[in-house]
Amino acid sequence: QVQLVESGGGLVQPGGSLRLSCVASGITFSSYDMSWYRQATGKERELVALITSITETTTYADSVKGRFTIPRDNAKNTVYLEMSNLNAEDTAVYYCSALLFFRYWGQGIQVTVSS
């Protein structure tokens with residue numbers, strides 16, 4: 001029973017910060033590449049950030065580079081998305097994903113950036 005459970009979303013003002021968490025169960029977490037995707041209304045899903053399983057190499061979308069980070073804590077089976085200097089274009093449903101031989105998805109969590 002694989003589960004990815006996101007938390008930490010909500011409403012934040014432009015320029016603000018937010019941290020999303022994704023807790024995984026039912027997988028050997030340390031073996032999986034972990035990532036965050038997002039989908040804004042009327043737009044296609046896009047990869048936001050990725051962290052690999054062993055080397056913990058990170059990759060970021062150009063739109064979030066320098067503003068977002070994706071640390072992971074294997075002891076807690078948790079990956080985070082640290083977001084800062086948020087703007088309205090960051091408003092989206094954010095999805096946690098785990099990939100090894102198969103991709104698993106969380107249910108998604110809303111992040112709204114608005115004044």
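Two strands are taken to pair when DSSP finds at least two bridges between them. In this predicted model, strand β1, residues 3-7, and strand β3, residues 18-25, meet that rule with five bridges, in the antiparallel sense. Within this pairing, Val 5 of β1 faces a partner in β3, standing opposite Val 23.

The side chains of β1 offer a helpful way into the fold. In a regular strand, side chains alternate between the two faces of the sheet. Along β1, Leu 4 and Glu 6 point to one face and are buried, whereas Gln 3, Val 5 and Ser 7 point to the other face and are not buried. Strand β12, residues 109-113, shows an alternation too: Ile 109, Val 111 and Val 113 are buried on one face, while Gln 110 and Thr 112 point to the other and are not.

Strand β12 also has pairing partners. With strand β2, residues 10-12, the pairing is parallel and runs over three bridges; here Val 12 stands opposite Val 113 of β12. With β10, β12 runs antiparallel, and three bridges join the two. Ala 92 stands opposite Val 111 of β12. Both Val 111 and Val 113 belong to the buried face of β12 described above.

Turning to the loops, two residues other than glycine deserve a look for their backbone angles. Glu 56 has a positive phi, near 55°, and is found in the loop between β5 (46-51) and β6 (58-60). Glu 56 counts as partly exposed because its relative accessible area is 37%, which falls between the limits of 20% for buried and 50% for exposed. Asn 85 likewise has a positive phi, near 50°, and lies in the loop between β9 (78-83) and β10 (92-99).

Aromatic side chains come next. The count of aromatic pairs comes to four, and one aromatic cluster is formed by Tyr 32, Phe 102 and Tyr 104. A charged side chain also meets a ring: Arg 45 lies over the face of Tyr 37, at 5.2 Å from the ring centre.

Finally, the surface can be explored through its pockets. The largest pocket holds about 180 Å³ of space and is lined by 13 residues. Arg 38, Lys 43, Glu 46, Ser 63 and Glu 89 are the lining residues that lie nearest the centre of this pocket. By residue type, the lining divides into seven charged, four polar and two nonpolar residues.

Key. Residues are numbered from 1 along each chain as its sequence is written. This is a predicted model: local features need pLDDT of at least 70, side-chain atom pairs count only at pLDDT 80 or more; totals for chains, interfaces and linings use all residues. Side-chain values use heavy atoms; hydrogens and water are left out. Rings of Phe, Tyr and Trp (its six-membered ring) pair if their centres lie within 6.5 Å; planes under 30 degrees apart count as stacked, over 60 as edge-to-face and the rest as tilted. A charge sits over a ring if NZ of Lys or CZ of Arg is within 6 Å of the ring centre and within 35 degrees of the ring normal. On a 1 Å grid over the protein atoms alone, a cavity is a set of points where a 1.4 Å probe fits but cannot get out, and a pocket is an open set with protein on both sides within 12 Å along at least five of seven lines; lining residues have an atom within 4 Å of a point. Grid points are joined across faces, edges and corners, and a volume is the space filled by probe spheres set on the points. Ala, Val, Leu, Ile, Met, Phe, Trp, Tyr, Cys and Pro count as nonpolar, Asp, Glu, Lys and Arg as charged, and the others, Gly among them, as polar. Buried means under 20% relative accessible area, exposed over 50%, partly exposed in between (1.4 Å probe, protein chains only). Helices (H or I, at least four residues) and strands (E, at least two) are DSSP runs, numbered from the N terminus.
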